[in-house]
Structures are given as structure tokens and as C-alpha cells.
Amino acid sequence: MELEGRAESCQGRVTASLAGCLLIITNLTQLIYASQPFGYDSIILSSILNDARRCNLRDDITGALVCRHDIYLQLLEGPYEPVTAAYMRICRDDRHAGIQKLVSRQVTSRMFGEWAMLHDPAKSLVWTRDQIADGILDRMSPNDIVEMFESVSRNAGPEHAS
Ligand SMILES: Cc1cc2nc3c(=O)[nH]c(=O)nc-3n(C[C@H](O)[C@H](O)[C@H](O)COP(=O)(O)O)c2cc1C
């Protein structure tokens with residue numbers, strides 16, 4: 001009996017350390033930022049989404065872009081190096097301003113694995129324009145921001161297809 005018990009706890013440790021290894025092997029990063037659109041209309045938005053999807057298909061990046069005339073909130077996920085490189089290009093893009101990184105974390109699975117860049121016209125955005133202007137994002141925890149994207153992912157339907 002005692003031997004059995006020891007074997008079980010040993011197995012538990014092996015599983016735990018394997019899970020740790022998986023985190024390193026996947027090298028999967030999620031990065032979320034917010035910014036303010038500089039010029040916002042359907043032509044600019046389609047050109048941003050076209051650029052994003054073209055580059056992301058090439059770079060094995062997936063994610064979602066929540067868009068409203070007063071805010072972009074974007075989640076990028078994929079291998080660390082291409083995600084970092086895409087974020088650096090995005091920071092240099094003059095189609096938006098005031099870029100603010102909100103979350104950067106390692107993950108074991110993708111939230112938007114089927115989308116080169118899901119477009120969410122901010123239906124799931126609970127904050128008003130005044131709250132955003134008042135800096136509500138500075139007071140949100142990274143968990144709150146991640147939860148907002150989890151809700152986008154749960155509600156994603158075919159109309160969001162990339
Ligand atoms: C709000 C916003 C979101 C963007 N999202 C992405 C993206 O997900 N991936 C990407 O590669 N480029 C994205 N871009 C476009 C990049 O800024 C850039 O134009 C593109 O990566 C091509 O870079 P290059 O012209 O240096 O080749 C985005 C731009 C904006 C303004």
C-alpha cells in the first residue's frame with residue numbers, strides 16, 4: 001500500500017515538471033496593447049486588417065483586434081520572436097498613437113488559434129468612451145484585460161472570420 005502511494009505521488013511530480021517543460025518548449029507568447037486610432041474609417045481599418053493578416057499568416061501569429069473610433073485593443077499570440085518583431089513594427093505605425101503595452105505573458109495554448117486576426121467591432125467592449133478617456137485601462141489588472149479577450153474569443157462567430 002505504502003509503495004503504491006509513493007508511486008502515485010512520484011507520478012504527480014513527473015506530470016508537474018512535464019507541464020513546466022511544455023511551457024518552455026512551446027515558446028508561446030501573448031501580448032496585449034491598447035492605442036488610439038489616428039484617423040479611423042472603414043478604408044483605414046481594412047488596410048490595417050489586410051496588413052495584419054498577411055504578415056501574421058507568414059509569421060505564425062494569431063490574435064484579435066478590438067476596434068472602436070477611440071481605441072484599438074489588440075492581442076497578439078505566437079512564438080516569442082515574431083510576436084516581438086510584429087509589436088515593434090506596430091509601434092512604428094503612424095495609423096495609431098499612444099501605444100501602451102498592457103500584458104505580456106507566456107502561455108501554453110492560443111486563445112485565437114483559428115484567426116490570423118479576428119476583427120471585433122468592440123461589441124464586447126464594456127467601457128464607455130469617457131471611461132477610456134479617463135484612463136480606465138491604467139486601473140485594470142492584466143487579468144481583467146485577459147478576461148475581456150476570453151469573452152471576445154467565446155463570442156467569436158463566422159462573421160469575425162479572417
Ligand atoms: C492597430 C494596428 C494593428 C496592427 N496589427 C498587426 C498585426 O497583427 N501584425 C502585423 O504584422 N502588423 C500589424 N499591423 C501593421 C504593422 O504596423 C505593419 O504595417 C506591418 O506589420 C507591415 O510592416 P512593414 O511595412 O514594416 O513590412 C498593425 C497596425 C496597426 C495600426
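Q: In this predicted model, in which sense do strands β2 and β3 pair, and over how many bridges?
A: Good place to start! Two strands count as paired when at least two bridges are found between them. Here β2 (residues 62–68) and β3 run antiparallel, with 7 bridges joining them. For one rung of that ladder, look at V66, whose bridge partner in β3 is L73.

Q: How many residues lie between β2 and β3 in their hairpin?
A: There are 2 residues between them.

Q: Which sense does the pairing of β1 with β3 take?
A: Antiparallel again: β1 (residues 28–37) pairs with β3 over 8 bridges. To find a contact by eye, start at Y33 and go across to Q74, its bridge partner in β3.

Q: Is β3 mostly covered or mostly uncovered?
A: The idea is to count neighbours: a residue is buried if 20 or more other C-beta atoms lie within 10 Å of its own. By that count β3 (residues 71–79) is mostly covered, with 8 of its 9 residues buried.

Q: Now the ligand: how many residues surround it, and which are the closest?
A: The shell has 17 residues, and the closest are A52, C55, R89, D93 and R95. Elements giving two or more residues to that shell are α2 (42–59), β2, β3 and α3 (80–92).

Q: Which element gives the most to the shell, and how many residues is that?
A: That is α2, with 5 residues.

Q: How do the residues of the shell divide into nonpolar, polar and charged?
A: The shell around the ligand has 9 nonpolar residues, alongside 4 polar and 4 charged ones.

How values were computed. Residues are numbered from 1 along each chain as its sequence is written. This is a predicted model: local features need pLDDT of at least 70, side-chain atom pairs count only at pLDDT 80 or more; totals for chains, interfaces and linings use all residues. A residue is buried if 20 or more other C-beta atoms lie within 10 Å of its own, exposed if 12 or fewer, and partly exposed in between; C-beta atoms are placed from the backbone. Helices (H or I, at least four residues) and strands (E, at least two) are DSSP runs, numbered from the N terminus. A residue is near a molecule or strand if its C-beta atom, placed from the backbone, lies within 6 Å of it. Ala, Val, Leu, Ile, Met, Phe, Trp, Tyr, Cys and Pro count as nonpolar, Asp, Glu, Lys and Arg as charged, and the others, Gly among them, as polar.
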